[in-house]
Amino acid sequence: MSAMPVSVEQLRLLTSADLTAAFELSTAAGWNQTIEDWAMLLEFAPEGCFGIEADGHLVSTTTLVCYGKRLAWIGMVLTNPEYRGRGFAHRLLTAALDRADSMGVETIKLDATDQGRPIYESLGFRPEQAIERWSQVSSSISPRKPNPSESHRNELDLEAFGADRSALLEMLSKRGTIYENPDGFLFSRAGRATGYLGPCVASDPATARSLITEWINESAEGGWSWDLLPANKNAVAIASELGFVRQRCLTRMTRGHLLHGRNDMVFAIAGFELG
């Protein structure tokens, strides 16, 4: 009787050679990230992008993005369906948390599906608040790309988000379009299936409504995805007014010290993998 083949598994950091395989994992899960999103994660957090290779293929991933020592964000927790039930997600999350702990990060957050929530709870995460994906199918209107004005964007974002992610905003600024004024800003970028609206931070609802309406009305995308915190009732109202429909509800979870920004200023997050 011939021996059964032995599966060889290796937990390691992702490299640029893994981008296509990682993109295939998120696409198979129906997620909206592009291969450019994966490349940005790898560039922004090369020591925080983990994967498990089995049978010569990348089959599971997890990413850790750090905003200084104050906050880190976990995302892209994916496993090929054929390899589920083998504890790969738990192993990768443990590796990511070990790295964050070794760096002295005070708070770690993530946005969890109902399926993933028990794993995160077993690792010490606790629910913080709901977060929702809203979507809209838009008409084809020729867009324009405005030149960003000088503003106190980073100061606004720090107040709203609770941690300094100016380096991430700089990277995102090269990925798409920015609308901004002294009281707020809106980023948008291409997604795999739909355009992505966010992050959007504004000091008041009128500013957010103006920025979002202006961009939506000028967009040529076939549709938009918008992730928002329902605790910001003004964001929900604007999304409804503009014809967006709630598609998914996740749970924002936290581990470590309590860290709260200004939900009333956050009208769209940067992404489930970015916060």
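Select Val266 to begin: in this predicted model Val266 is buried, with a relative accessible area of 11%. You will find Val266 in strand 12, which covers residues 266-268. Now show the neighbours of Val266, leaving out those within four places in sequence: Ala160, Cys200, Leu229 and Asn232 are in contact with Val266. Then draw a distance from Val266 to Pro199, C-alpha to C-alpha. The two are 67 residues apart in sequence, and the distance comes to 7.9 Å.

**Next stop: Pro199**

Stay with Pro199, which is found in strand 9. What kind of peptide bond joins Gly198 and Pro199? The bond is cis, with omega at about 5 degrees. Show the backbone of both residues as sticks to look at that bond.

**The largest nonpolar core**

Now select Trp38, Tyr67, Leu71, Ile269 and Leu274. These are the residues with the most contacts inside the largest nonpolar core, which has 40 residues. Several elements each supply at least two residues of this core, among them helix 1 (19-28), helix 2 (35-44), strand 3 (57-67) and strand 4 (71-79). Colour helix 5 (153-161), helix 6 (166-172), strand 8 (184-189) and strand 9 (195-202) as well, since each of these also supplies at least two residues.

A second, separate core has 25 residues, and these include Leu64, Ala89, Ile108 and Tyr120. Give this second core another colour.

Go back to Leu274 in the 40-residue core. Which residues does Leu274 contact, leaving aside neighbours within four places in sequence? Select Met40, Leu41, Val65, Tyr67, Trp73, Phe161, Leu168 and Arg189 to see them.

**Val65, a partner of Leu274**

Click on Val65, which is found in strand 3. Is Val65 buried or exposed? Val65 is buried, with a relative accessible area of 1%. Beyond four places in sequence, Val65 is in contact with Leu41, Phe44, Ala45, Leu71, Ala72, Trp73, Glu273 and Leu274. Try a distance here too: the C-alpha atoms of Val65 and Glu273 are 8.1 Å apart in space, while the two residues are 208 apart in sequence.

**Strand 4: Leu78 and Met76**

Move to Leu78, whose place is in strand 4. Leu78 is buried, with a relative accessible area of 5%. Not counting residues up to four places away in sequence, Leu78 touches Leu25, Ser26, Ala29, Trp31, Trp38, Val59, Ser60 and Thr61. Ala29 is 49 residues from Leu78 along the chain, yet their C-alpha atoms are separated by 7.9 Å.

Met76 is in strand 4 too. Its backbone deserves a look: phi of Met76 is near 50 degrees, a positive value in a residue other than glycine. Met76 is buried, with a relative accessible area of 3%.

**Asp55, another positive phi**

Compare Met76 with Asp55, where phi is near 55 degrees, also a positive value in a residue other than glycine. Asp55 lies in the loop between strand 2 (49-54) and strand 3. How much of Asp55 is accessible? Its relative accessible area is 38%, so Asp55 is partly exposed.

**Helix 1 against helix 2**

Show helix 1 and helix 2 as cartoons. They pack at an angle of about 120 degrees, with their axes 9 Å apart. That angle makes helix 1 oblique to helix 2. The crossing of helix 1 past helix 2 is right-handed.

Add side chains to see who meets whom. From helix 1 select Leu19, Thr20, Ala22, Phe23 and Ser26, and from helix 2 select Ile35, Trp38, Ala39 and Leu42. By class, this contact has seven nonpolar, two polar and no charged residues.

**Last stop: helix 7 and helix 8**

Finish with helix 7 (residues 205-217) and helix 8 (residues 233-241), which pack at an angle of about 30 degrees, with their axes 10 Å apart. These helices are therefore roughly parallel to each other. Helix 7 passes helix 8 in a right-handed crossing.

Which residues of helix 7 meet helix 8? Select Pro205, Ala208 and Arg209 in helix 7, then Asn234, Ile238 and Glu241 in helix 8, to see the two sides of the contact. The residues of this contact divide into three nonpolar, one polar and two charged.

Key: Residues are numbered from 1 along each chain as its sequence is written. This is a predicted model: local features need pLDDT of at least 70, side-chain atom pairs count only at pLDDT 80 or more; totals for chains, interfaces and linings use all residues. Side-chain values use heavy atoms; hydrogens and water are left out. A nonpolar core is a set of buried Ala, Val, Leu, Ile, Met, Phe, Trp, Tyr and Cys residues joined through side-chain atoms within 4.5 Å. Buried means under 20% relative accessible area, exposed over 50%, partly exposed in between (1.4 Å probe, protein chains only). Helices (H or I, at least four residues) and strands (E, at least two) are DSSP runs, numbered from the N terminus. Contact means heavy atoms within 4.5 Å. Axes are lines fitted to C-alpha atoms, for helices over the stretch in contact, and angles run from 0 to 180 degrees between N-to-C directions. Angles under 35 degrees count as roughly parallel, over 145 as roughly antiparallel, 65 to 115 as roughly perpendicular and the rest as oblique. A crossing is left-handed if the near helix is turned anticlockwise from the far one by less than a right angle, and right-handed if clockwise. Ala, Val, Leu, Ile, Met, Phe, Trp, Tyr, Cys and Pro count as nonpolar, Asp, Glu, Lys and Arg as charged, and the others, Gly among them, as polar.
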